[in-house]
Amino acid sequence: MPKGLLAILALALPLLGGSARAATITVVAAENFYGDIARQIGGDRVVVDSILSNPNQDPHLFEASPSTARALADARVVIYNGVDYDPWMVRLLGADDGTTRRVIVAGDLVHRRPGDNPHIWYDPATMPIVARAIATALIAEDPGHRADYARRLDAVLASLEAIDGEVNGIRAGHAGATVTASEPVFGYMATALGLQMRDSRFQLSIMNDTEPSASDVAAFEEGLRDRKAKIMFFNNQVVDPTVMRLLGLARKAGIPVVGVSELEPLDTPYQAWMLGTLQAVDAALGPPGK
Ligand SMILES: [Zn+2]
């Protein structure tokens with residue numbers, strides 16, 4: 001190859017690489033369900049990296065590493081939950097100023113504060129609001145493809161309405177039914193379904209990785225033995241010996257148990273994940289009005 005041509009190639013390659021990068025928007029989501037929605041809205045215009053995506057890990061115990069900081073360095077759009085669920089994200093973003101990236105904090109959009117139940121993606125009101133914010137950020141980054149983002153946002157919003165339909169159906173048949181849980185993961189959805197939740201203090205202890213009090217454990221056990229709950233929800237991302245024992249008691253009492261996870265399962269879109277959980281709840285509650 002002539003020397004001149006090599007020199008031209010050497011000049012051109014980094015430019016090609018640069019333009020390839022400019023053609024897509026790098027999105028970093030702290031949690032995989034937000035990353036999933038960003039991918040659904042961004043399509044082939046985005047490259048999405050979700051930091052918390054391991055369904056076998058307790059997100060409440062996650063510690064950011066240098067690779068987390070590196071992932072954030074190139075991000076044009078950043079999405080995280082807030083409400084003290086991912087405080088490492090606040091620290092990483094705070095440490096690095098002078099960037100023009102767009103940051104979406106889901107908790108701020110739905111007016112939740114530290115101390116509130118952080119599992120806001122189980123509130124059916126949350127994701128449509130976050131989806132709109134993601135579309136707005138992507139359009140601001142890439143206004144030339146505004147119509148594509150708007151079209152995919154409409155499709156996402158329409159598919160999220162299926163979740164509301166399922167919620168309304170269960171609520172119509174079962175509002176007022178009493179349930180319990182090992183952790184407050186499903187709390188907002190239980191409220192949306194009109195279910196009465198028992199054992200809230202016990203749930204906060206498990207979520208915060210602290211020992212529940214003996215009286216809270218005793219009240220939980222009594223509720224199961226006396227079949228005061230129609231479902232026991234448990235966090236299938238956290239293995240806790242006290243919870244395992246309570247699950248055994250629930251099964252013995254004939255109370256259906258429904259596993260819920262903090263993070264989106266592998267290869268399951270957010271909408272299908274929520275609908276699958278709601279269908280399990282509907283089946284566990286049995287015939288309406290009972
Ligand atoms: Zn949690």
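**Close-up views of a cavity, a pocket and a helix pair**

About 40 Å³ of space lies in the largest cavity of this structure, which is a predicted model, and a search of the whole structure finds one cavity of 30 Å³ or more.

**View A. The lining of the largest cavity includes residues from helix 6 (126-141) and helix 7, each of which supplies at least two.** The residues that line this cavity are Pro124, Met127, Pro128, Leu160, Ile163, Asp164 and Tyr270. Helix 7, which spans residues 146-174, gives the most to this lining, with three residues. When the lining residues of the largest cavity are sorted by class, six are nonpolar, none is polar and one is charged.

**View B. The largest pocket holds about 190 Å³ of space and is lined by 14 residues.** Among these lining residues, Asn32, Asp36, Arg39, Glu264 and Asp267 are the ones that lie nearest the centre of the pocket. The elements that give two or more residues to the lining are helix 2 and strand 2 (46-52), and it is helix 2 that gives the most, with four residues. Sorted by class, the lining of the largest pocket has four nonpolar, five polar and five charged residues.

**View C. The largest pocket can also be placed with respect to the two domains that give residues to its lining.** Where does the largest pocket lie with respect to domain 1 (24-162) and domain 2 (174-285)? Because both domain 1 and domain 2 give residues to the lining of the largest pocket, the pocket lies between them.

**View D. Helix 2 (residues 32-42) packs with helix 7 (residues 146-174), and their axes are 7 Å apart.** The angle at which helix 2 and helix 7 pack is about 130°. Angles under 35 degrees count as roughly parallel, those over 145 as roughly antiparallel, those from 65 to 115 as roughly perpendicular, and the rest as oblique; helix 2 and helix 7 are therefore oblique to each other.

**View E. The residues through which helix 2 and helix 7 meet come from both helices.** On the side of helix 2 they are Ile37, Gln40, Ile41 and Gly42, while on the side of helix 7 they are Tyr149, Arg152, Leu153 and Val156. By class, this contact of helix 2 with helix 7 has five nonpolar, two polar and one charged residues. Helix 2 is thus shown here in its contact with helix 7, having appeared in View B as the element that gives the most to the lining of the largest pocket.

Terms used: Residues are numbered from 1 along each chain as its sequence is written. This is a predicted model: local features need pLDDT of at least 70, side-chain atom pairs count only at pLDDT 80 or more; totals for chains, interfaces and linings use all residues. Side-chain values use heavy atoms; hydrogens and water are left out. Axes are lines fitted to C-alpha atoms, for helices over the stretch in contact, and angles run from 0 to 180 degrees between N-to-C directions. Contact means heavy atoms within 4.5 Å. Ala, Val, Leu, Ile, Met, Phe, Trp, Tyr, Cys and Pro count as nonpolar, Asp, Glu, Lys and Arg as charged, and the others, Gly among them, as polar. On a 1 Å grid over the protein atoms alone, a cavity is a set of points where a 1.4 Å probe fits but cannot get out, and a pocket is an open set with protein on both sides within 12 Å along at least five of seven lines; lining residues have an atom within 4 Å of a point. Grid points are joined across faces, edges and corners, and a volume is the space filled by probe spheres set on the points. Domain bounds come from an automatic or database domain assignment.
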